[in-house]
Amino acid sequence: MMFAVDEINRDPDILPGVTLGYKIYNDCGSTNILRAAMTLVSGVEQSETEASCPKPQTVQAIIGHSGSTPTMSIARIVGRFNIPVISHFATCACLSNRKEYPSFFRTIPSDYYQSRALAQLVRQFGWTWVGALSNKNDYGVNGITTFIKAAHEEGVCIEYSEAFESTSPYHEILRIVNVIRSSTSKVIMAFMSHIEIKILVEELCRQKITGLQWIGSDAWITDDSLAYIQGHNLLIGSIGFTVRNAQIPGLGPFLQEVNPSQFPNSVFLKDFWEHVFDCSLTKNEIRRCNGSEHLGNVQNPFTDLTDLRFSDNIYKAVYAVAHAMHNLLLCKQNISSTANAKCELNQLKPWQVLNSLQSVNFTTHGGDNVFFDNNGDSPARYELINLQSINKEKIKVATIGYYDASLPRGQRFSMNNVQIVWREGSDMVPVSVCSESCPPGTRKAVQKGRPVCCFDCVPCPPGEISNRTDSIDCLKCLVAQWSNTRGDACIPKEVEFLSYDETMGILLTMFSVVGVFLSVVIMLIFYIYRSTPIVRANNSELSFLLLFSLTLCFLCSLTFIGRPSEWSCMLRHTAFGITFVLCISCVLGKTIVVLMAFKATLPGDNVMKWFGPLQQRLCVLAITLIQVLICVLWLTISPPLPYMNFNHYKEKIILECNLGSAIGFCAVLGYIALLAVLCFVLAFLARKLPDNFNEAKFITFSMLIFCAVWITFIPAYVSSPGKFIVAVEIFAILVSSFGLLFCIFLPKCYVILLKPEMNSKKHVMAKTSHDIHY
C-alpha cells in the first residue's frame with residue numbers, strides 16, 4: 001500500500017498537484033478493528049504544516065480488512081456514512097449485498113464465483129462423492145453453502161458437511177476426524193482459513209488417516225505457513241483456485257530500501273529487522289543493529305516477489321481510490337481553475353468518491369484491467385493451483401489451469417498441459433464416487449433413501465439401449481430395430497420366415513420331393529400296367545389325372561418355403577386352392593363312377609352312358625373352374641401381399657403373406673371343404689359295394705384322413721407363431737396329399753407288383769358276380 005501511494009504521488013498523470021496520505025491501523029491485530037473504523041469515521045487530525053489546503057475532515061476510503069467477518073462489521077458501520085471500503089481479501093459472497101453493504105468494494109473475486117468454480121473443478125475430474133469442511137464463520141459457511149448448491153447442480157453429491165473454528169473444543173475436532181475416517185469419499189473440499197486447516201491436518205496425522213485428496217479455497221491453498229505443520233505431506237497434491245499471480249514493477253527495489261529509520265514507531269518492522277539480521281536495535285545489546293543493513297543482501301520472504309497474488313489486490317485497491325479521485329478532479333477542472341482544483345478536492349465528500357468508484361475502469365502497470373460491477377465485485381478470474389511439494393519449509397505450487405467467469409459457460413474452465421501431482425505425491429487421479437459408473441447397456445437406478453450419486457446399474461430391458469456411460473434412461477429402439485446383446489446399440493431386427501436353409505425347411509422340402517417322386521413312380525407303374533384289369537377297372541383316366549393333381553399338390557407346398565414376395569404370396573394360396581380342388585374333383589369323379597358302375601350292373605340299367613369319360617372330364621373341369629373363378633376374384637379385389645408383422649414378436653419381424661381379403665381366403669378353403677365333405681359322404685355310402693371292384697372303402701379312408709387333417713389344421717394355424725404358421729400349412733398339405741396317395745393307390749400297387757395273380761379279370765369280377773346273384 002505504501003509503495004502504491006508513493007508511486008501515485010510521483011506520477012504526474014494521476015492526481016497532479018495532489019498528495020495522497022494514509023493512516024495504518026491494526027498493527028497485526030493488536031488494535032481493535034471496530035475502534036479503528038470508528039476513529040476513521042470520526043475524522044483525522046489537522047496538518048501541522050503550513051500547507052495552503054488542509055486535510056479532509058474524514059477519511060475518504062478504507063482499504064481492508066482481509067477477513068470477511070471483520071469486514072462485514074466495518075462495512076455495515078461505515079456504509080451509513082457513505083465511506084468506501086475496499087477489501088483485498090474478504091471474499092464472502094454475502095458482502096455483495098448492496099442493501100446491507102452499500103459502500104463495499106473489493107479487488108478480489110467473490111466466493112460466489114470461487115465456490116461455483118470449485119464445484120465445476122470437482123466435476124471435471126469425475127469426483128461425484130465428496131466431503132465438505134468449512135470455518136464456522138461467515139466466510140466458511142457462506143462459501144461452503146454456495147459450493148454445495150453448485151455441486152448439486154453439477155451432479156456432485158456431498159457425503160457430509162462439517163464446520164468448526166480454531167477455538168472449537170478438542171472433542172469437536174475429534175468428532176469431525178471420525179466422520180472423515182468412516183466416510184467412503186476420498187476427496188475433501190476444505191473451505192476454511194490456514195489456521196483451521198493446520199489444526200485439522202495435524203490431528204489427521206496423529207490419527208494416521210491418509211489417502212485424502214484435498215481441494216482448498218484461496219484462504220489456505222498457497223499459504224507458506226503450511227510447511228511448518230506436522231503432517232504437511234498430507235496436503236501435497238492439493239488443488240484449488242486462487243487469484244492470479246501478478247508482477248508489480250518497481251516493488252522489489254522499494255522493499256529493499258525499507259529501513260527502521262523510516263518508520264521508528266513500527267513495532268512490526270523492528271521485530272522483523274532483528275529477526276532477519278539476527279541482531280538487536282537496542283543500544284545495550286551485544287549484537288547490535290544500527291539500521292544501516294540492506295535487505296538486498298539477504299534472502300527472505302519479505303523481498304520474495306514470486307507470489308504477489310494478494311499483494312496485487314492491495315495495489316489495485318489503492319489505485320482504484322486514486323483513479324476515482326482523479327475522475328472527480330477532471331470533473332471539477334471543467335467548472336473551476338486548475339489552481340483551486342486541489343483545494344476543492346480536499347473538500348470532497350466520501351459519497352462523491354463512492355459514486356466515482358462505481359465507474360472506475362483502468363489498467364494497471366502489470367496489464368490487469370480493474371473495474372467494479374453493480375455489487376462492487378471485481379472480475380472473477382482464477383488460477384488453478386496444484387501444491388506439488390514442500391521442501392525446506394517452502395511450498396511449491398504450479399499453475400495447472402485457469403477459470404474466467406466472464407466467458408461463456410463452456411469456456412470458463414481450461415487446463416494447462418502440466419503434470420499434476422495428486423494426493424500425497426501420487427501420479428494417479430484419485431477416484432471418489434459413491435457408485436461405479438454404469439457402462440453402456442445399463443441405466444442408473446437411485447438407491448432408496450440415498451443421494452442420487454448412489455445408484456445401482458440396471459440392465460436396459462430388451463428393445464431399449466443406453467449408448468453412453470451413466471445413462472439415466474434407456475432409449476427405445478425404432479420399430480424395425482432391436483437392442484443387441486450388450487444393450488448399447490440398436491441393430492436391425494431379425495426377419496423371420498421359413499427358409500430352405502433351416503432344418504424345418506429342409507425336412508419339409510424333402511417330404512415334398514418324396515411325395516412328387518412317389519406320385520411319378522405310381523404314375524409310371526399305372527402306365528406300364530395300364531392294360532391290366534385292376535387299372536382299367538379303377539378308371540385309369542381319372543387315376544392318372546388324380547396322380548397328376550397330387551404331384552401338383554406336393555409341388556405347391558414348396559411355394560410356401562422361402563422369402564415371401566408379391567408373386568410368391570399370390571401363387572402359394574391360389575396354387576394350393578386350385579390343385580386341391582382338382583385333386584378332390586378327381587376323387588369325387590372316381591366315387592361317382594363307382595356308384596354309377598354298381599348301379600349299371602343291374603339288368604336293363606344303362607346309366608353309365610350319362611357319366612362316361614367325356615362327362616367325367618367336364619365334371620372335373622367345371623368343379624375346378626369354379627375354384628379358379630374364386631381365386632381370380634380374390635386376386636383382383638384384394639390379393640395376398642408380403643407383410644412385415646411387428647406385433648407378434650418384439651425382438652424380430654415376421655415376414656409373412658397377408659391374406660388380403662379374408663373372405664376370399666375363406667371362400668377358397670370353404671369350397672375345398674364342401675367338395676371334401678361331399679366326396680366323403682358319397683364314398684361312405686358306397687363303402688359296402690363289392691371290394692374287388694370298387695375303391696370306395698379306400699376313398700372313404702383317404703377322405704377321413706383329409707378332413708381330420710384340415711379340421712385340426714384350423715386351431716393349429718391360429719395358435720402357431722411366426723414361421724410355424726407356414727410350417728403347419730405345409731404339413732397339412734403334405735399329410736392330406738400323402739393320405740390320398742397311400743389310401744387310394746398303395747393297395748393297387750401292392751396287387752400289381754406283389755400279387756399279380758390277383759390282377760386278373762376273373763378275380764376282379766368274382767366278388768362282383770357273387771354279390772349281384774345274391
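Start by selecting S1 and strand S2 (residues 85-87): they run parallel and are joined by 2 bridges. Put labels on Ile62 and Val85, and you'll find Ile62 standing opposite Val85 in S2. Keep in mind that you're looking at a predicted model.

Now widen the selection to the sheet around that pair. This one is open, has 3 strands in the order S1-S2-S3, and its pairing is parallel. Which strands stand at the edges? Strand S1 (62-63) and strand S3 (104-106) do, each having a single partner strand, so one side of each is left without a neighbour in the sheet. Add helix H3 (residues 68-78) next: H3 packs on this sheet and touches S1, S2 and S3. The direction of H3 makes about 160 degrees with that of S2.

While you're here, zoom in on Gly64 and His65. The peptide bond joining them is cis, with omega at about -5 degrees. His65 sits in the loop between S1 and H3. For background, most peptide bonds are trans.

Keep H3 on screen and bring in helix H2 (residues 33-42). The axes of H2 and H3 come within 10 Å and cross at roughly 25 degrees. Since angles under 35 degrees count that way, H2 is roughly parallel to H3. H2 passes H3 in a right-handed crossing. To see the contact, show side chains for Ile33, Leu34, Ala37, Met38 and Val41 in H2, which meet Pro70, Ser73, Ile74, Ile77 and Val78 in H3. Colour by class and you get 9 nonpolar, 1 polar and no charged residues in this contact.

Next stop: the 8-strand sheet. Select its strands in the order S5-S4-S6-S7-S8-S11-S12-S13; the sheet is open and the pairing is mixed. Strand S5 (157-164) and strand S13 (413-415) are at the edges, and each has a single partner strand, so one side of each lacks a neighbour in the sheet. Look along the sheet for its twist: neighbouring strands are turned by 30 degrees against each other on average, direction ignored.

Pick out S7 (residues 213-216) and S8 (residues 239-243) within it. These strands run parallel, with 2 bridges joining them, and Ile215 stands opposite Ile239 in S8. Then turn on helix H4 (residues 111-124), which packs on the sheet. H4 touches strand S4 (129-135), strand S6 (187-191), S7, S8, strand S11 (381-391), strand S12 (394-404) and S13, and its direction makes about 150 degrees with that of S8. Helix H7 (residues 194-206) packs on the sheet as well, touching S4, S5, S6 and S7. Compare directions and H7 makes about 170 degrees with S7.

From H7, follow the chain into the loop between H7 and S7, where Lys208 is found. What is phi of Lys208 near? It is near 60 degrees, a positive value in a residue other than glycine. In general, most residues other than glycine have a negative phi.

Time for another helix pair: select helix H13 (residues 503-528) and helix H20 (residues 723-754). Their axes come within 10 Å and cross at roughly 25 degrees, and H13 and H20 are therefore roughly parallel to each other. The crossing is left-handed. Among the residues that meet here are Leu508, Phe511 and Ile522 in H13 and Leu734, Phe738 and Phe745 in H20. By class, this contact has 19 nonpolar, 3 polar and 1 charged residues.

Move on to helix H15 (residues 540-556) and helix H17 (residues 613-637). They pack at an angle of about 25 degrees with axes 10 Å apart, and are therefore roughly parallel to each other. H15 passes H17 in a right-handed crossing. Show Glu541, Leu542 and Leu545 of H15 alongside Pro613, Gln616, Arg617 and Val620 of H17, which make the contact. The class count is 4 nonpolar, 1 polar and 2 charged residues.

Finish by colouring the chain by pLDDT. The mean is 84, and 89% of the residues reach 70 or more. Where is confidence lowest and where is it highest? Helix H11 (residues 338-346) is lowest, at a mean of 49, and S6 is highest, at 96. Select residues 46-51 too: pLDDT there is below 50, and the stretch has 3 contacts in the model beyond near neighbours in sequence. Over residues 335-343 pLDDT stays under 50 as well, with 7 contacts beyond four places in sequence.

Key. Residues are numbered from 1 along each chain as its sequence is written. This is a predicted model: local features need pLDDT of at least 70, side-chain atom pairs count only at pLDDT 80 or more; totals for chains, interfaces and linings use all residues. Side-chain values use heavy atoms; hydrogens and water are left out. Two strands pair if DSSP finds at least two bridges between them. Helices (H or I, at least four residues) and strands (E, at least two) are DSSP runs, numbered from the N terminus. Axes are lines fitted to C-alpha atoms, for helices over the stretch in contact, and angles run from 0 to 180 degrees between N-to-C directions. Contact means heavy atoms within 4.5 Å. Angles under 35 degrees count as roughly parallel, over 145 as roughly antiparallel, 65 to 115 as roughly perpendicular and the rest as oblique. A crossing is left-handed if the near helix is turned anticlockwise from the far one by less than a right angle, and right-handed if clockwise. Ala, Val, Leu, Ile, Met, Phe, Trp, Tyr, Cys and Pro count as nonpolar, Asp, Glu, Lys and Arg as charged, and the others, Gly among them, as polar. pLDDT is the predictor's confidence in each residue, from 0 to 100.
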